[in-house]
Amino acid sequence: MRSCEVIIVGGGPAGSSAAWRLKRAGADVLVLDRERFPRLKLCAGWITPEVVRELEMDLDDYPHRLLTFPRLRVHYGRLSVPVPCVQHSIRRFEWDAWLLERAGAPVEQHNVREIVADGAGYVIDGAYRCRYLIGAGGTRCPVYRNLFRELNPRAHELQIVTLEHEIEYDWQDRDCHLWFCEQGLPGYSWYVPKESGWLNVGVGGFAERIKSAGQDIKAHWAQFAAKLDGGLTRGARYDPAGYSYFLRGRVDVVRRDNAFITGDAAGLASRDLGEGIGPAIRSGLRAAAAILEGAAYRLDDVTGMSVSSIARSMLSRAARPLGPHGRRRAGNGGAAHGLRHGNQ
Ligand SMILES: Cc1cc2nc3c(=O)[nH]c(=O)nc-3n(C[C@H](O)[C@H](O)[C@H](O)COP(=O)(O)OP(=O)(O)OC[C@H]3O[C@@H](n4cnc5c(N)ncnc54)[C@H](O)[C@@H]3O)c2cc1C
């Protein structure tokens, strides 16, 4: 049986941030993930300046695709509003693998199934033993399932269903677009360009409300794809896939003895925009700090709303204009379009 001080189940943003913080403090930590990285993660890949700051990312040194938006384009009915704020897009396929490697912790490919509390620690599938356990396995995290589900049942009214596809596409409009409540969708659709000719488009909304309105996410997708074909992404071909996750509700218990839940495992995505990467990172860092410092693991300062972050970015954008625009950078595949970044 392999023993170590901390085992992290899941190597997404929550798990890799916790591993990064723990490793930097010299802890004996192991990450288990059922996938081999780089792995596909369905996600639009929009990240905020807070994420960049918390991860101490140097945007100039980031070796993969990163595009900075000087504005978001928000659409509601016939209203179309440019929101000047600085946000970024990355490809999760690349970024997650980069974060995990940067964390410097050993990673083993293992599909975790059974977790048993054993004395002051935990035994995983009869093969791994640890004193501290961090659940960072996303919506279907086995740490949540084994140790927390009964304490924090999922709030089904906060379940989001999505359909999306990330494709290589020679996009011409470099803004990030969000369409709210189109055709009665209780949610929004998105167009998120990535550096060097990649693009993520998708639809997402509240599962229960879509169902009770007699609607179907696939029908919303079809309408959205037709709309894109009529303008922004003429001729693009999509084969979308779906994933489901939970917005932040009451999360009563996030620590149980020496076990913690973080990110989507705890259901922390923001209530307004379904932003889950920032909360995943913040909770991963907080769990690591709780282990290292013997401090309480609290999520009160992990915000449940994204608009506050966008408002902050608008204000700093107004106070400090972007750097040089229109920088082109040769990338891997597709035309190079992008302003890579101005500032955060
Ligand atoms: C379509 C879509 C678009 C989104 N767009 C955005 C966006 O643009 N910006 C944003 O901020 N958020 C977005 N989100 C939310 C965001 O993707 C998640 O909130 C975020 O990935 C959560 O990170 P995490 O580390 O908690 O979980 P994940 O990123 O899901 O990582 C969990 C890891 O655990 C592993 N794992 C799972 N089960 C096991 C097991 N049994 N054993 C071992 N390993 C396991 C998985 O392989 C995975 O690597 C989007 C979500 C969806 C579905």
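**Exercise 1. Describe the shell around the ligand by residue class.**

Solution. Sort the shell by class. It holds 16 nonpolar, twelve polar and nine charged residues. Note that the model is predicted. Next, take the whole shell: 37 residues surround the ligand. The closest are D33, R92, V112, D264 and I277. Then ask where in the fold shell residues come from. Helix 1 (13-24), helix 7 (263-266) and helix 8 (277-293) each supply at least two. So do strand 2 (29-33), strand 10 (159-168) and strand 14 (241-246).

**Exercise 2. Find which polar atoms of G45, W46 and D264 lie by oxygen atoms of the ligand, and at what distance.**

Solution. Apply the cut-off for a polar contact: N or O atoms within 3.5 Å. Start with the backbone. At G45, a backbone N or O atom is 3.3 Å from a ligand oxygen. At W46, a polar backbone atom is 3.0 Å from an oxygen atom of the ligand. Now turn to a side chain. An N or O atom in the side chain of D264 lies 2.7 Å from a ligand oxygen. Finish with the cover. On its own, the ligand has 1000 Å² of accessible area, and the protein covers 96% of this.

**Exercise 3. Give the volume of the second largest pocket and describe its lining.**

Solution. First, the volume: about 210 Å³. Second, the lining: 16 residues, of which N152, P153, R154, A155 and R250 are closest to the centre. Third, the classes: ten residues are nonpolar, three are polar and three are charged.

**Exercise 4. Trace the open sheet and explain why strand 3 and strand 14 each have one side without a neighbour.**

Solution. Write down the order of the eight strands: 3-5-4-11-12-13-10-14. The pairing is mixed. Look at the ends of that order. Strand 3 (46-47) and strand 14 are at the edges. Each has a single partner strand, so one side of each has no neighbour in the sheet.

**Exercise 5. Step through the pairings from strand 3 to strand 11, and state the sense of each.**

Solution. Begin at strand 3. It runs antiparallel to strand 5 (residues 79-90), and two bridges join them. W46 has S89 of strand 5 as its bridge partner. W46 also appeared in Exercise 2, where its backbone lies 3.0 Å from a ligand oxygen.

Move on to strand 4 (residues 66-76). Strand 4 pairs with strand 5 in the antiparallel sense, over ten bridges. One residue pair is V74 with V81 of strand 5. These two strands form a hairpin, with two residues between them. In the turn, G77 has a positive phi of about 60°.

End at strand 11 (residues 176-180). Strand 4 and strand 11 pair in the parallel sense, over five bridges. Here L72 has C176 of strand 11 as its bridge partner.

**Exercise 6. Locate P38 and C181 in their loops, and describe the backbone at each.**

Solution. Take P38. It sits in the loop between strand 2 and strand 3. The peptide bond from F37 to P38 is cis, with omega near 0°. Now take C181. This residue lies in the loop between strand 11 and strand 12 (187-194). C181 is not a glycine, yet its phi is positive, about 60°.

Note on methods:
Residues are numbered from 1 along each chain as its sequence is written. This is a predicted model: local features need pLDDT of at least 70, side-chain atom pairs count only at pLDDT 80 or more; totals for chains, interfaces and linings use all residues. Side-chain values use heavy atoms; hydrogens and water are left out. A residue is near a molecule or strand if one of its heavy atoms lies within 4 Å of it. A polar contact is a pair of N or O atoms within 3.5 Å; within protein, one must be able to donate a hydrogen and the other to accept it, and residues adjacent in sequence count only if both atoms are side-chain atoms. Accessible areas come from the Shrake-Rupley method with a 1.4 Å probe; for residues, only the protein chains shown count as cover. Helices (H or I, at least four residues) and strands (E, at least two) are DSSP runs, numbered from the N terminus. Ala, Val, Leu, Ile, Met, Phe, Trp, Tyr, Cys and Pro count as nonpolar, Asp, Glu, Lys and Arg as charged, and the others, Gly among them, as polar. On a 1 Å grid over the protein atoms alone, a cavity is a set of points where a 1.4 Å probe fits but cannot get out, and a pocket is an open set with protein on both sides within 12 Å along at least five of seven lines; lining residues have an atom within 4 Å of a point. Grid points are joined across faces, edges and corners, and a volume is the space filled by probe spheres set on the points. Two strands pair if DSSP finds at least two bridges between them.
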